Amino acid sequence: MEAIERDKFLQSYAPSLSKVGYEDDILFIRDIKLGKTAEIYLRDRSLYCNVCESKDCVHIHYALALPEVAKLYIRRLVPSTKRK
């Protein structure tokens, strides 16, 4: 049920965006409006979007709404000794 609600939210929040996939530590998000694929990755302990050249854009917010990205982001920012 949570997955369905999340998908509905993402479709209404950013209907022109879709997750394409992952490679290494990069998330690819297709933006139909721009006709480009954004690469989202960690830079200086923050998520960074290569399309917007920003740490705060719709692509970043979309990425953070994906549960697997949010978990990865938290794991990368919190040292392993504090996660226990």
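**Figure 1. Cysteines without disulfides.** A search across the whole of this predicted model turns up zero disulfides. Cys-49 is in no disulfide, and the nearest cysteine sulfur to that of Cys-49 belongs to Cys-57, 3.8 Å away. Since a disulfide calls for two sulfur atoms within 2.5 Å, a separation of 3.8 Å leaves Cys-49 unpaired. Cys-57 is in no disulfide either, and here the nearest cysteine sulfur is that of Cys-52, again at 3.8 Å. Are Cys-49 and Cys-57 buried or exposed? Cys-49 is buried, with a relative accessible area of 0%, and Cys-57 is buried as well, with a value of 12%.

**Figure 2. The hairpin of E1 and E2.** Strand E1 (17-23) and strand E2 (26-31) are joined by a loop that holds Asp-24. The two strands pair in the antiparallel sense, over six bridges. If you follow the pairing, you will find Tyr-22 opposite Leu-27 of E2. Two residues lie between the strands of this hairpin, and Asp-24 takes a positive phi there, near 55 degrees. That is a positive value in a residue other than glycine. With 72% relative accessibility, Asp-24 counts as exposed.

**Figure 3. Arg-45 in the loop between E3 and E4.** Which residue sits in the loop between strand E3 (36-43) and strand E4 (46-49) with a positive phi? Arg-45 is found in that loop, and has a phi of about 65 degrees although it is not a glycine. Its relative accessibility is 55%, so Arg-45 counts as exposed.

**Figure 4. The largest nonpolar core.** A general tendency sets the scene: in soluble globular proteins, nonpolar side chains tend to be buried together. The largest nonpolar core here has 15 residues, of which Leu-27, Ile-29, Ile-40 and Tyr-62 touch the most other members. At least two residues of this core come from each of E2, E3, E4 and helix H2 (58-65). H2 gives the most, with three residues.

**Figure 5. The surroundings of Ile-29.** What does Ile-29 contact once its neighbours within four places in sequence are set aside? Its partners include Leu-17, Ser-18 and Val-20, along with Lys-36, Thr-37, Ala-38 and Ile-40. His-59, Tyr-62 and Ala-63 are also in contact with Ile-29. Ile-29 and two of these partners, Ile-40 and Tyr-62, are among the core residues that touch the most other members.

**Figure 6. The buried face of H2.** In H2, the buried residues are His-59, Ile-60, Tyr-62 and Ala-63. Seen down the axis of the helix, the buried residues of H2 fall within an arc of 160 degrees, so they line one face. His-59, Tyr-62 and Ala-63 may be familiar from the contacts of Ile-29.

**Figure 7. The chain as a whole, and how far to trust it.** The chain has four helices and four strands, which run α-β-β-β-β-α-α-α from the N terminus on. Of its 84 residues, 27% count as buried. Among contacts between residues at least 6 apart in sequence, 32% join residues at least 24 apart. Where is confidence highest, and where is it lowest? E2 has the highest confidence, at 94, and helix H4 (residues 80-83) the lowest, at a mean of 47. Over the chain, the mean pLDDT is 81, and 75% of the residues reach 70 or more.

Technical notes: Residues numbered from 1 in each chain as written. Predicted model: local features only at pLDDT ≥ 70, side-chain atom pairs only at ≥ 80, totals over all residues. Heavy atoms only, no water. Buried < 20%, exposed > 50% of the residue type's maximum accessible area, 1.4 Å probe, protein only. Core = buried A, V, L, I, M, F, W, Y, C linked by side-chain atoms within 4.5 Å. Contact = heavy atoms within 4.5 Å. Pairing = 2+ DSSP bridges. pLDDT = per-residue confidence, 0-100. Arc of directions from axis to C-beta.
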